[in-house]
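Let's take a walk through this fold together, strand by strand and helix by helix. Have the structure open and turn it as we go.

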Amino acid sequence: MGRIAVDSVTVRYGDRLAVDGVSFTARAGDVVALVGPNGSGKSSLLRAAAGLLRCGGQVRCDGRIAFLPQDNGARAALTVMETVLLGRIRALGMRVPETEVAHAVSTLDRLGIADLAMRLVPELSGGQRQLVFLAQMLASEPAILLLDEPTSALDLRNQLSLLSLLRGLARGCGLLVIVVLHDLNAAARFADRMLVLCNGRLVADGPGGEVLTETMLANVYGIRAEIGRSNEGVPLVVPICPIGCGDDP
């Protein structure tokens, strides 16, 4: 079962402090959304948690990690099926057993992209490639999923489908999912917790109903906004205008 403990993590790029002493813990079954304005340190924190960036402090993980970057930079002329099978590289020899192919097909089917199996990855749209590399992650059967803006290239239907799938994996399979999102309403709907970063610091941590306040949005995002509720009681952020453009918070 996946668990991660981030203790006073600091990330620097030369003299610039990108992540400033962030600490949090998360465990199997959680969906945690990292949110915050551009340049707040979300991607740097996620990469540090994945062990891909040198950092100060400490990151302790229990379970295999799979990391999905925002830009996968796919260039190799592999088919979708070949790309997903790479996620099973630990289990494969020189020949691919039929059971592994069936596993890959099942993973693609869960994401609604089984029809792309024989397509070349570089020929796909950005959103389709994102789903293919998520399928590769899932095929490796990780305990912890770290995803950097996985919905950025997806249409609305696929955004909802993907976030529903991630929540289902956390609930049904006991995965720990940590995901960077810009859509605060999606984060409030699908995540159990929201970690709000601002200037590299963790400024709020809790359920969407506690974290999403007009004061936080003014202080962190610099906007005036109203907070409503859906019929299911989920917080809804309604942006009004930037602060400093003739309107007070």
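Which residue in S8 stands opposite Ala-33? The partner is Met-194. Keep in mind that this is a predicted model, and let that pair be our starting point.

Ala-33 belongs to S3, where 5 of the 5 residues are buried. Both faces of this strand are covered: Val-31, Ala-33 and Val-35 are buried on one side, and Val-32 and Leu-34 are buried on the other. Along its edges, S3 pairs with S8 in the parallel sense over 4 bridges. S3 also runs parallel to S7, to which 4 bridges join it. In that second pairing, Val-31 has Val-177 as its bridge partner.

Now zoom out to the sheet around S3. Here 6 strands form an open sheet with mixed pairing, in the order S5-S6-S7-S3-S8-S9. At the edges are strand S5 (65-68) and strand S9 (201-206), each of which pairs on one side only. From one strand to the next, the twist averages 15°. An antiparallel part of the sheet is found at S8 (residues 193-198) and S9, joined by 5 bridges; there, Val-196 stands opposite Ala-204.

Two helices that pack on this sheet deserve a look. H5 touches S3, S6 and S7, and its direction makes about 140° with that of S3. Helix H8 (residues 214-221) touches S3, S8 and S9, with a direction about 35° from that of S8.

Let's stay with H5 for a while. Its 18 residues, 156-173, should span 26 Å at 1.5 Å a residue, and the end C-alpha atoms are 25 Å apart, which agrees. Buried in this helix are Gln-159, Leu-162, Leu-163, Leu-165, Leu-166, Leu-169 and Ala-170. Seen down the axis of H5, the buried residues fall within an arc of 150°, so they line one face of the helix. On the other side, Leu-156, Arg-157 and Gly-172 are exposed. The elements covering the buried residues include S3, S6 and S7, along with helix H3 (98-110), helix H4 (126-139) and helix H6 (184-190).

The ends of H5 are worth a glance too. Asp-155 caps the N-terminal end, with a side-chain oxygen 3.2 Å from the backbone nitrogen of Arg-157. After the helix comes Gly-174, with a positive phi near 75°.

Turn next to H8, where Met-216, Leu-217, Ala-218 and Val-220 are the buried residues. They pack against H6, S8 and S9, and also against helix H7 (208-211), strand S10 (223-229) and strand S11 (235-242). Just after H8, Gly-222 takes a positive phi of about 70°.

Finally, find the open sheet of 3 strands, which has the order S2-S1-S4 and antiparallel pairing. Strand S2 (16-27) and strand S4 (56-62) are its edge strands, each pairing on one side only. The twist here averages 15° from one strand to the next. S1 (residues 3-13) is joined to S4 by 6 bridges, and Arg-3 stands opposite Asp-62. Helix H1 (residues 42-49) packs on this sheet, touching S1, S2 and S4, and its direction makes about 125° with that of S1.

Technical notes: Residues are numbered from 1 along each chain as its sequence is written. This is a predicted model: local features need pLDDT of at least 70, side-chain atom pairs count only at pLDDT 80 or more; totals for chains, interfaces and linings use all residues. Side-chain values use heavy atoms; hydrogens and water are left out. The expected span of a helix is 1.5 Å times one less than its number of residues. Buried means under 20% relative accessible area, exposed over 50%, partly exposed in between (1.4 Å probe, protein chains only). The arc is that of the directions from the helix axis to the C-beta atoms. Contact means heavy atoms within 4.5 Å. A polar contact is a pair of N or O atoms within 3.5 Å; within protein, one must be able to donate a hydrogen and the other to accept it, and residues adjacent in sequence count only if both atoms are side-chain atoms. Two strands pair if DSSP finds at least two bridges between them. Axes are lines fitted to C-alpha atoms, for helices over the stretch in contact, and angles run from 0 to 180 degrees between N-to-C directions.
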